[in-house]
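Me: I would like to go through some labels given to this structure and ask what each one rests on.

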Amino acid sequence: MSVTLDQVVPWGRSLKEYRHMFMLSNDELTSRILGVGDGPASFNSEMKGLGHTVISIDPIYLLSEKQIEQRIEKTYDTVISQVKQEPDNFVSDFFENPTHLGCYRLDTMRRFFQDYEMGKVQGRYLPLSLPKLSFADKQFDLAVCSHFLFLYSDQLSLDFHRESIQELCRVSREVRIFPLLTLNCRKSPYVSPIQSYFENMSFSVDISVVPYEFQKGGNEMMRIGRTT
Ligand SMILES: C[S@@+](CC[C@H](N)C(=O)[O-])C[C@H]1O[C@@H](n2cnc3c(N)ncnc32)[C@H](O)[C@@H]1O
């Protein structure tokens, strides 16, 4: 079971949001970070501005700036009107209202575009896709995956999740995933089987409440690491 790019909304979050979603400490910002499915997030660009290096992977990086912009334009109104139509599904200390959310997102994605071409040349935006990556074992200290795994549980199978997380555990010492909800704001049915599977494989799996919530009830982040 795979997902086509059309099924996944190209939507980008900021460094501030990544810091909250993944509880990133100042020390962790200086570690070797892999951003998984980063899309048009400004995380990589803002980290670069602070003197840190993140490698972001996403199949969307096969596309040109213009092509990504066109995809965002195609989906932008739908996403914002969903938030307007279903206010009970969303809460946020970050955004005053859907209009503020829309402006914030566009600003975030603008920052991404300012960095995109240079970042590709520097190898910071790589067009790679889960479940298989071409990195060496333990090339990263931390892999963060925002709004891809678990969120698209209706489109992506449990096997895809298992295989992808296994691969992330191969290339990184620790993996963090946020949120644990599906697009319908329900807990992903894969959370429990993934937790059991990796605990049985001698990984530590921890679910923490984090200071970021946008989908109502979506304030939990999963950490998976080696116990030895
Ligand atoms: C909703 S966006 C989230 C973007 C960013 N992480 C954020 O939170 O702002 C999901 C991203 O997952 C990417 N994606 C789709 N299939 C993927 C795959 N097989 N491996 C890695 N990323 C994938 C999409 O292209 C899209 O950019």
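The exchange below takes up cysteines, burial and aromatic rings.

Reply: This is a predicted model, where local features need pLDDT of at least 70, side-chain atom pairs count only at pLDDT 80 or more, and totals for chains, interfaces and linings use all residues. Residues are numbered from 1 along each chain as its sequence is written, and side-chain values use heavy atoms, with hydrogens and water left out.

Me: Why is Cys169 too far from the closest cysteine sulfur for a bond?

Reply: A disulfide is a pair of cysteine sulfur atoms within 2.5 Å. The closest sulfur to that of Cys169 belongs to Cys145, 12 Å away, and is therefore too far for a bond. Cys185 is in no disulfide either, with the nearest cysteine sulfur, in Cys145, at 18 Å. The count is zero disulfides.

Me: What makes Asp115 count as buried?

Reply: Buried means under 20% relative accessible area, exposed over 50%, partly exposed in between (1.4 Å probe, protein chains only). Asp115 has 9% relative accessibility, so the residue counts as buried. Cys169, at 3%, is buried as well.

Me: Why is the pair of Phe178 and Tyr212 called edge-to-face?

Reply: Rings of Phe, Tyr and Trp (its six-membered ring) pair if their centres lie within 6.5 Å; planes under 30 degrees apart count as stacked, over 60 as edge-to-face and the rest as tilted. For Phe178 and Tyr212 the centres are 5.7 Å apart and the planes meet at 75 degrees, making the pair edge-to-face. Both residues, Phe178 and Tyr212, are buried.
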